[in-house]
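I've got a model open and a fresh notebook page. Here is what I looked up, entry by entry.

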Amino acid sequence: MVRGGSVMLLLASLGRSQSAPVVSGSMVIDTDAVHPGSMAKIAVVAEVAPGYHINDHVPTLDYLIPTELKLDASPPLEPGTAAYPKGTARKFQFMEQPISVYEGKLVVGESLKIAAYAKPGVYQLKGNLDYQACNDHACLAPAKLPVSLAIKVVSRSEKLKPSHSDVFSTLKLN
Amino acid sequence: MTQRIKIVLGAVLAVVLGVGLYFLNARWIAPATVHRVKAAGKHPAAPDFSLTDINGAKLALADYRGKVVLLDFWATWCGPCRIEIPEFVQMQQKYRDQGFAVLGVAMQDTPDSVSKFYQQFRLNYPVAMGNSQLAALYGGIFGLPTSFLIGRDGHIYSQHSGTTGPDVFEEEVRQLLAGKPGEEVTGFSPAGQVEEIEVGTPGEANADVPGVDVSKLTTAQLAAFEKQLDANPCTCGGCKFTLLQCRRQDATCPVSKKLAREMLQKFQDSKTIAATAPKT
């Protein structure tokens, strides 16, 4: 309910409405399909808007809201434990000490187990990347980046092709 | 003669530098934090609210009529908010006897975290848990901290979004304290930029379609209107929400608010309303 120039000034100040998400991105998998009883790697490749940061998965201070990937269990797909990148130590006007944050590109990886009973077909994997963004003088409410991926299960006789090697070649999972 | 020229040139340079710095500050530095103030005579009335503070006491804005109020929307997880709190504690201590009060509204937080913070930082003013309806009443809260300065007449004189220096608050508070209860402070001079403030109405502060007054719709009409909103995308750029999702998940989005209001107007004018209206 703020009009015209006020909106522009405020958005310029606080960056944006949350409808234009501070964090955008998608989920990818390391092969074009998966076999029953195998393990795959998935990753959420996200981008934090310029001027903003989100908190490290292990925040420097206990009151900060951590970045967290939460994938829904969706049999026969069984997500593992997420592996987060190391944050960057940054000093902000509102902090006396540097805090560890994510800025720019962010890749959160996770292993994915495909149950041995999985029948060939397409299965949806869904979840959210939970985050809370701030810039140097204001914070936005905690938000979620919804992510989803259609995962194709094929018979063991079918050959798989690697995909998104640019993401997975350097990704280390726990 | 040469010395004179040097002095004149130096003076000209100083003036140019001063003007340059002024414009640099006005255009690039000052807007880093937004301060919004209504033009004299048009200060909107601060929307009334009644909450229960974290100590269990009633916190109603009406009880502060006649006082100057700094209404602070904040959160314990918000670093820029936390840095302002000790300043508010000091201001409360300094100006309380002159009729000044700080009221805190914690947004998207937990009572436990707020209570712990309250004790740890020895807050000397009431703090209550906020909600989306209250945020909508105050024009939607784009980010935290967001503070409103309310005069003794119960009207909002300024809004500060983002970390704001105590000098700005103090300058404005002193001016408002000089006002008389029930009277507008006509000579109010903002410490920040002069901008317009617009608050919401109780009808717009609803959970069905936040920011859009659907109070005149029947239950069936509301369901039909929500269906329409849910069938249209929000064109804010990149959110992938429908208009209904956008209103509910981000009440601060001006794009979906405008579109939803336009759609409501059309809806009310359309045959849909006639078809779903109760027969009299």
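**Entry 1: A:Tyr117 and its partners.** I'm working with a predicted model. I wanted to know what A:Tyr117 touches once residues up to four places away in sequence are set aside. The list is A:Pro75 and A:Pro76. Along the chain, A:Tyr117 and A:Pro75 are 42 residues apart, yet I get 9.7 Å between their C-alpha atoms. I found A:Tyr117 in the loop that runs between strand S8 (105-114) and strand S9 (121-131) of chain A. Is A:Tyr117 buried or exposed? I looked up its relative accessible area, which is 55%, so A:Tyr117 counts as exposed.

**Entry 2: cis bonds.** Since I was at the prolines anyway, I checked the peptide bond from A:Pro75 to A:Pro76, and it is cis, with omega near 10°. A note to myself: most peptide bonds are trans. A:Pro76 belongs to the loop between S4 and strand S5 (77-83) of chain A. Chain B has a cis bond as well, from B:Leu144 to B:Pro145, with omega near 0°. I traced B:Pro145 to the loop between helix H5 (132-137) and strand S7 (146-150) of chain B.

**Entry 3: positive phi.** Another note to myself: most residues other than glycine have a negative phi. I then looked at A:His164, which isn't a glycine but has a positive phi of about 50°. A:His164 is in the loop between strand S11 (143-153) and helix H2 (165-168) of chain A. With a relative accessible area of 37%, A:His164 is partly exposed. In chain B, I noted that B:Arg122 has a positive phi too, near 50°. Where does B:Arg122 lie? I found B:Arg122 in the loop between helix H4 (111-120) and strand S6 (127-129) of chain B. B:Arg122 is exposed, and its relative accessible area is 69%.

**Entry 4: a buried charge.** Next I went to A:Asp56, in the loop between strand S3 (53-55) and strand S4 (68-71) of chain A. A:Asp56 is buried but has no salt bridge. How far away is the nearest side chain of opposite charge? That is A:Lys86, and the distance is 8.4 Å. A salt bridge needs the charged atoms within 4 Å, so I can see why this pair doesn't count. What I did find was backbone nitrogens by the polar atoms of this side chain: the one of A:Val58 is 3.0 Å from a polar atom there, and the one of A:Gly87 is 3.2 Å from a polar atom there. Leaving out neighbours within four places in sequence, the contacts of A:Asp56 include A:Pro66, A:Thr67, A:Ser100 and A:Tyr102.

**Entry 5: chain B and the cores.** I counted ten helices and eight strands in chain B. Chain B has 280 residues, and 49% of them count as buried. Its accessible surface is about 13800 Å², with 56% belonging to carbon and sulfur atoms. A reminder: in soluble globular proteins, nonpolar side chains tend to be buried together. The largest nonpolar core has 58 residues, and B:Tyr138 is one of those with the most contacts inside it. Not counting residues up to four places away in sequence, I see B:Tyr138 touching, among others, B:Ala46, B:Phe49, B:Leu71 and B:Ile150. There is also a second, separate core of 35 residues, and A:Leu69 and A:Leu125 are among them.

Technical notes: Residues numbered from 1 in each chain as written. Chains lettered and ligands numbered in written order. Predicted model: local features only at pLDDT ≥ 70, side-chain atom pairs only at ≥ 80, totals over all residues. Heavy atoms only, no water. Helix = DSSP H or I, 4+ residues; strand = E, 2+ residues; numbered from the N terminus. Buried < 20%, exposed > 50% of the residue type's maximum accessible area, 1.4 Å probe, protein only. Lys, Arg positive; Asp, Glu negative; His and termini not counted. Polar contact = N/O pair within 3.5 Å; in protein donor to acceptor, adjacent residues only side chain to side chain. Contact = heavy atoms within 4.5 Å. Areas by Shrake-Rupley, 256 points an atom, 1.4 Å probe, with all protein chains shown as cover. Core = buried A, V, L, I, M, F, W, Y, C linked by side-chain atoms within 4.5 Å.
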